Amino acid sequence: MRILTAKQIKQVEESAFQGEFTEEGLMLSAGTACFNKILKHYGDCIENKKIAVICGNGKNAGDGFVIADLFVKMGVDASIVLADKAPELPEPKMYFDMAVANGVKDYFFVEYDFDCDIIVDCIFGIGFHGEPREPFGEVFDAVNNSGAVVISIDTPSGTDATTGEVINAVRADLTIAISTLKFAHVLPPANAYCGKVVTVNIGIPESCYDADYVQTITKSDIKKNFPKPDKNAHKGTFGHQLNICGSYLMPGAAVISAKAAIKTGVGLLKCAFPKSIYPVMTSHMVQPIFKPLCENEQKTISIGAMNDIFDELKWADSVAIGCGIGNNDDTQVIVGHVIKTSEVPVVLDADGINAVAPFIDIIKDKKAPLIITPHPAEMARLIGESTGYVQANRIEVAKAFAKENDIVVVLKGANTVVTDGKAVFVNTNGNAGMAMGGTGDMLTGMIGSFLAQGIEPIEAAKSAVFIHGFCGDITAKELSKRGMTVDDMLSILGALMSEFEA
């Protein structure tokens, strides 16, 4: 699914107006589609509810007037609440007058008591930016403190549709995006104001859209990466993965990454790790090949293991390096040499990223495709900016870094960004229960597995990110967001892969 800026969606609508569509026609279509979507989500109990449709005086208000009119026509107690003043633009005014003529009660904000069960937010549309002038800040506060279910039309009022910036805004339980997603739905902090996000089609033809938009990752998009296995397949068919992970202080990172690789179908997995964690590795897994390596005083992999690592690189079809390896002189040298010498795709995570951060230009000397999986703080260190800067510019930062270095970037966090510097994809599944140690190690193992199986780097990253989030959502539903663990996610990951088998 596309994700558009405010400017882009306005251009789409202008293209539609060049054909058979009119402003009033699209307004009616949008209001009707949103009304039907509200019924789909709340229709079982809506007849006995009291609904307030709060409208500004722009075009977004027109959708609200249509919605209020349709509710009253079906016998629901729905009222229009004007946030500031009566509509003046011709199309919204037409639908306001029509709704009032059909018996819809109308109030100004200052005279409404907010004794309602559901609020439909049509105060501002995609054109909003900056800080709301009064009385709108007061209106937002009244909506948020009402205790009612809040449904925002297109974007929660007060959020910037293009940048995701928020100073004060409506907090929605459900946001109904018109035609496409906007960046407010996927970028922080606005994404936290949206609640559940659904989209409605209002009939704008495909010919009005350009091809070069940011896209979401969908299940149908990645299923094509998992063709039906050959009947005569053997373990070599599904690739050799080398995991260079773990240290005495963080053996679990190596275990988690390895289990994720196994659960997602890699043919052979070899785990290379400092010898002191051999008991941990072998007590948790029996399937991988184990390669204990010499270690330094910090009980991380020693530079003396370099020759052994180089030999294993010749065996591998993919390499996952960084999970729990520690960050010191030895690991910095090892990671740098793996990047420069590996002739198979490498996925670099965690301490692997931190290890090369001081001399990041080394990634330009790679021989093979490289995927990095930073969280926002790691990304900030790579570019010499603050974490806040990265979070405020997630898509631009990830795309620019990927393009400059000819790599794939997986910028983790809510709505993970995946980009090769040209195409940009945003993942919309996953949940806050995944914000715990170990989930990144799991993702790294999955990406390495898909690379080993021959999936192209950008597709391997997209597939792993989507399936990882999908797994987290199912785990949270079965257990809870607070109570779920990485082990819980791993326990269902293997079965979950059946969703992606032809």
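In this predicted model, Lys 412 touches a varied group of residues beyond its sequence neighbours: Asp 349, Thr 373, Pro 374, His 375, Pro 376, Arg 394, Gly 440 and Leu 443. The lysine is placed in the loop between E17 and E18. Its relative accessibility is 14%, and since buried means under 20%, Lys 412 counts as buried. Its side chain also has a polar partner, as one of its polar atoms lies 3.2 Å from the backbone oxygen of Thr 373.

One of the residues touched by Lys 412, Pro 376, leads on to helix H12, which spans residues 376–383. Within H12, the buried residues are Pro 376, Glu 378, Met 379, Ala 380 and Leu 382. Their cover includes three helices, namely H11 (351–356), H13 (387–392) and H14 (394–405), together with strands E16 (370–372) and E17 (408–411). After H12 comes Gly 384, with a positive phi near 70 degrees.

On the other side of the loop that holds Lys 412 is E18, a strand covering residues 417–419 and containing Thr 419. How accessible is Thr 419? Its relative accessible area is 0%, so Thr 419 is buried. The side chain of this threonine nevertheless has polar partners in the backbone. A polar atom of the Thr 419 side chain lies 2.9 Å from the backbone nitrogen of Gly 421, and the backbone oxygen of Ala 423 is likewise 2.9 Å from a polar atom of that side chain. Leaving aside residues within four places in sequence, Thr 419 is in contact with Ala 398, Lys 399, Ala 402, Ile 407, Val 408, Val 409, Val 424 and Ile 458. Ala 398, Lys 399 and Ala 402 fall within H14 (394–405), while Val 408 and Val 409 fall within E17 (408–411). These two elements are also among those that cover the buried residues of H12.

Two loop positions earlier in the chain can be set side by side. Gly 58 lies in the loop between strand E2 (50–55) and helix H3 (59–73), and Ile 126 in the loop between strand E5 (118–122) and helix H5 (136–144). Is each of these residues buried or partly exposed? Gly 58 has a relative accessibility of 26% and counts as partly exposed, whereas Ile 126, at 12%, counts as buried. Outside its neighbours within four places in sequence, Gly 58 is in contact with Leu 89 and Pro 92. For Ile 126, with the same neighbours set aside, the contacts are Ala 6, Ile 9, Lys 10, Asp 154, Thr 155, Ala 161 and Lys 182. Both loops also take part in pairings across the sequence: the C-alpha atoms of Gly 58 and Ile 123 are 7.9 Å apart, with their positions 65 residues apart in sequence, and those of Ile 126 and Ala 184 are separated by 9.1 Å, at 58 residues apart along the chain.

Turning to the protein as a whole, there are 17 helices and 19 strands. Residues 24 or more positions apart supply 71% of the contacts with a separation of 6 or more, and 56% of the 502 residues are buried. The radius of gyration is 26 Å, which agrees with the value near 23 Å for a compact globule of 502 residues. Along the principal axes, the C-alpha atoms fill a box of roughly 85 × 45 × 40 Å. The accessible surface comes to about 20700 Å², with 50% belonging to carbon and sulfur atoms. As for charge, the mean positions of the 43 positive and 61 negative charges are 6 Å apart.

How values were computed
Residues are numbered from 1 along each chain as its sequence is written. This is a predicted model: local features need pLDDT of at least 70, side-chain atom pairs count only at pLDDT 80 or more; totals for chains, interfaces and linings use all residues. Side-chain values use heavy atoms; hydrogens and water are left out. Helices (H or I, at least four residues) and strands (E, at least two) are DSSP runs, numbered from the N terminus. The radius of gyration is taken over C-alpha atoms; the globule rule is 2.2 Å times the number of residues to the power 0.38. Buried means under 20% relative accessible area, exposed over 50%, partly exposed in between (1.4 Å probe, protein chains only). Contact means heavy atoms within 4.5 Å. Accessible areas come from the Shrake-Rupley method with a 1.4 Å probe; for residues, only the protein chains shown count as cover. Lys and Arg count as positive and Asp and Glu as negative; His and the chain ends are not counted. The place of a charge is taken as NZ of Lys, CZ of Arg, CG of Asp or CD of Glu. A polar contact is a pair of N or O atoms within 3.5 Å; within protein, one must be able to donate a hydrogen and the other to accept it, and residues adjacent in sequence count only if both atoms are side-chain atoms.
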